[in-house]
Amino acid sequence: VTGPRVEEAMHRTLRWIDRCAAAHQRPQSQNLFGIVQGGLDANLRAICLKGMVERDLPGYAIGGLSGGEDKNSFWKVVLQCCQGLPRDKPRY
């Protein structure tokens with residue numbers, strides 16, 4: 001799945017993590033995880049992945065996969081995200 005709605009949702013995710021980080025009051029006891037979005041579009045995923053990693057968050061998640069997509073597409077997204085996420089931080 002890709003297109004203008006997926007692209008806007010991906011950009012909204014980046015804006016949302018910025019708002020969350022600005023409002024975060026307890027970084028010593030709560031962590032903010034960035035959720036990498038972009039549907040099945042490798043270019044949108046790359047933009048979101050880069051944006052999340054630049055924010056140097058405590059951890060990350062791969063979002064937007066429901067398990068209903070074909071397995072080849074699913075694993076391509078997982079591989080792309082895992083290769084781009086920091087190895088020293090939690091991810092799910």
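**Reasoning through a predicted model**

Leu-49 is found in helix H2, and the model we are looking at is predicted.

Me: Why does Leu-49 count as buried?
Reply: Its relative accessibility is 8%, and buried means under 20%, so Leu-49 counts as buried. Leaving aside neighbours within four places in sequence, Leu-49 is in contact with Val-36, Gln-80, Cys-81, Gly-84 and Leu-85.

Me: Val-36 is on that list; what does Val-36 itself contact, beyond four places in sequence?
Reply: Happily, Leu-49 turns up again: the contacts of Val-36 include Arg-45, Cys-48, Leu-49, Met-52, Ala-61 and Ile-62. In the largest nonpolar core, which has 15 residues, Val-36, Cys-48 and Met-52 touch the most other members. Helices H1 (4–23), H2 (42–54) and H3 (71–84) each supply at least two residues of this core.

Me: Why are H1 and H2 called roughly parallel?
Reply: They pack at an angle of about 5°, and angles under 35 degrees count as roughly parallel, so the description fits H1 and H2. Their axes are 10 Å apart. On the H1 side the contact is made by Val-6, Glu-7, Met-10, Thr-13, Leu-14 and Ile-17, and H2 brings Leu-44, Ile-47, Cys-48, Gly-51 and Met-52.

Me: What makes S1 and S2 a pair?
Reply: Pairing asks for at least two bridges, and four bridges join S1 (residues 33–36) to S2 (residues 59–62), so by that definition they pair. The two strands run parallel, and the chain crosses from S1 through H2 to S2 in a right-handed β-α-β crossover. Phe-33 stands opposite Gly-59 in S2.

Note on methods
Residues are numbered from 1 along each chain as its sequence is written. This is a predicted model: local features need pLDDT of at least 70, side-chain atom pairs count only at pLDDT 80 or more; totals for chains, interfaces and linings use all residues. Side-chain values use heavy atoms; hydrogens and water are left out. A nonpolar core is a set of buried Ala, Val, Leu, Ile, Met, Phe, Trp, Tyr and Cys residues joined through side-chain atoms within 4.5 Å. Buried means under 20% relative accessible area, exposed over 50%, partly exposed in between (1.4 Å probe, protein chains only). Contact means heavy atoms within 4.5 Å. A crossover is right-handed if, with the strands pointing away from the viewer, the path from the first strand over the helix to the second runs clockwise. Axes are lines fitted to C-alpha atoms, for helices over the stretch in contact, and angles run from 0 to 180 degrees between N-to-C directions. Angles under 35 degrees count as roughly parallel, over 145 as roughly antiparallel, 65 to 115 as roughly perpendicular and the rest as oblique.
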